[in-house]
Amino acid sequence: MPQESSRGASAHGLHRVVVIVDADSNPFELGCATEVFGLRRPELGRELYDFRLCSPEPDTLMRDGFFTLSGVAGLEAAEAADTVIVPNRPDIDVPRRPAVLDAVRRAHARGARLVGFCSGAFTLAEAGVLDGRRATAHWQWADSFRERFPAVSLEEDVLFVDDGDILTAAGSAAALDLGLHIVRRDHGAEIANAVSRRLVFAAHRDGGQRQFVERPVPAIPDESLAPVLAWAQERLDEPLAVADLASRAAVSPATLHRRFRAQLGTTPPAWLTGERIALACRLIERGEVRLDAVARSSGLGTAAHLRALTRRETGLAPSEYRRRFGPDSLT
């Protein structure tokens with residue numbers, strides 16, 4: 001369950017995120033980390049993170065020799081990080097160098113948050129910090145991971161796992177899902193939505209969704225769910241049911257369920273609940289203090305239901321969520 005961070009901030013007052021890059025690291029996951037945590041955010045009027053790259057060597061050859069990364073800090077940069085994103089690699093059978101594993105262990109010992117994208121879970125497991133913990137990895141390597149690290153509770157059919165101070169994402173694209181989840185956990189739903197809009201990426205895909213989502217070439221006519229999703233998002237305060245969505249899409253409820261599973265990896269009720277929770281969080285962030293009004297406007301019904309779902313989704317009661325992410329949190 002998400003927990004409030006007890007880690008400090010950089011000299012600039014920002015949470016410091018450091019990515020460790022090692023030989024044969026994947027450029028895509030490095031790009032995901034840079035896009036989510038490293039870009040300047042003039043549209044927000046403030047920066048979210050102090051972001052740095054580091055490597056055990058001055059020059060690091062990336063995966064398959066695509067390019068050489070140079071000019072980044074040494075591993076000592078990880079010593080001052082609040083969040084450390086560990087390196088992944090395409091060859092899971094090649095052990096990480098001891099200096100990298102030692103840096104991960106030291107970061108964990110001092111309370112830094114650790115993040116593994118894709119095969120980065122192998123790095124965390126090799127460092128020994130995942131023993132007795134929950135994690136995920138790409139489905140292609142699930143059997144190998146379980147065989148090598150039996151002390152880790154592997155959840156192989158989810159997008160990402162948030163185990164408090166250690167978070168892991170399954171495949172490459174799930175790195176963006178986990179990155180946005182971390183932004184939401186640190187800065188609230190409104191900021192996470194703004195970051196996702198800049199990425200032109202789905203603002204919220206729950207970590208429990210399946211890794212493998214079938215995406216067949218669409219038949220004619222177009223079977224995209226986008227129109228019905230947009231229609232529903234404008235009516236979240238109404239008592240929408242699966243039958244309403246199916247009617248709007250001009251299909252049977254069974255067909256709608258199949259399309260949701262195929263295109264989104266979830267069910268219509270689960271999607272509706274996730275959208276309503278996200279809307280409720282945004283309303284709280286914008287200053288609405290009446291929980292019954294938030295519950296009505298987001299379609300969650302009652303204040304009691306709102307409290308239960310907000311705590312389940314964010315790990316915080318609405319009052320605590322308001323304290324952390326409401327208008328007064330920026331003053």
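The following passage describes the confidence, the overall make-up, one central strand and the salt bridges of a predicted model.

Residues are numbered from 1 along each chain as its sequence is written. Because the model is predicted, local features are described only at pLDDT of at least 70 and side-chain atom pairs count only at pLDDT 80 or more, whereas totals for chains, interfaces and linings use all residues, and side-chain values use heavy atoms, with hydrogens and water left out. The chain has a mean pLDDT (the predictor's confidence in each residue, from 0 to 100) of 85, with 88% of its residues at 70 or more. Below 50 lies the stretch of residues 1–8, which nevertheless has 25 contacts (heavy atoms within 4.5 Å) in the model beyond near neighbours in sequence. The pLDDT is likewise below 50 over residues 206–222, a stretch for which 38 contacts beyond near neighbours in sequence are found.

The chain contains 13 helices and 10 strands, assigned as DSSP runs numbered from the N terminus (helices, H or I, at least four residues; strands, E, at least two). Of its 331 residues, 52% are buried, where buried means under 20% relative accessible area, exposed over 50%, and partly exposed in between (1.4 Å probe, protein chains only). Among contacts with a separation of 6 or more, 64% join residues 24 or more positions apart. About 15,000 Å² of the chain is exposed, and carbon and sulfur atoms supply 53% of that area, as computed by the Shrake-Rupley method with a 1.4 Å probe, only the protein chains shown counting as cover for residues.

Strand E1 (residues 15–20) is largely enclosed by the rest of the structure, because six of its six residues are buried. The burial extends to both faces of E1, with His15, Val17 and Val19 on one side and Arg16, Val18 and Ile20 on the other. E1 pairs in the parallel sense with strand E2 (residues 49–54) over six bridges, pairing being assigned if DSSP finds at least two bridges between two strands; within this pairing, Val18 has Arg52 of E2 as its bridge partner. The connection from E1 to E2 passes through helix H1 (residues 27–38), forming a right-handed β-α-β crossover, that is, one in which the path from the first strand over the helix to the second runs clockwise with the strands pointing away from the viewer. E1 also pairs in the parallel sense with strand E5 (residues 83–86), over three bridges, and here Val19 stands opposite Ile85.

In total, 22 salt bridges are counted, each defined by a side-chain nitrogen of Lys or Arg within 4 Å of a carboxyl oxygen of Asp or Glu. One of them joins Glu57 and Arg97 at 3.0 Å, N to O, linking the loop between E2 and strand E3 (59–61) to the loop between E5 and helix H2 (98–109) across 40 residues. Glu57 is partly exposed at 38% relative accessibility, as is Arg97 at 25%. Another, between Glu79 and Arg106 at 2.8 Å, N to O, connects the loop between strand E4 (68–70) and E5 with helix H2, the two residues lying 27 residues apart. By contrast with such partly exposed residues as Glu79, at 32%, Asp162 is buried, with a relative accessible area of 8%, and Arg185 is buried at 7%. The side chains of Asp162 and Arg185 meet in a salt bridge of 2.8 Å, N to O, which links strand E9 (residues 160–162) to helix H5 (residues 174–187). A network of salt bridges further links Arg133, Arg134, Glu155, Asp163 and Asp165.
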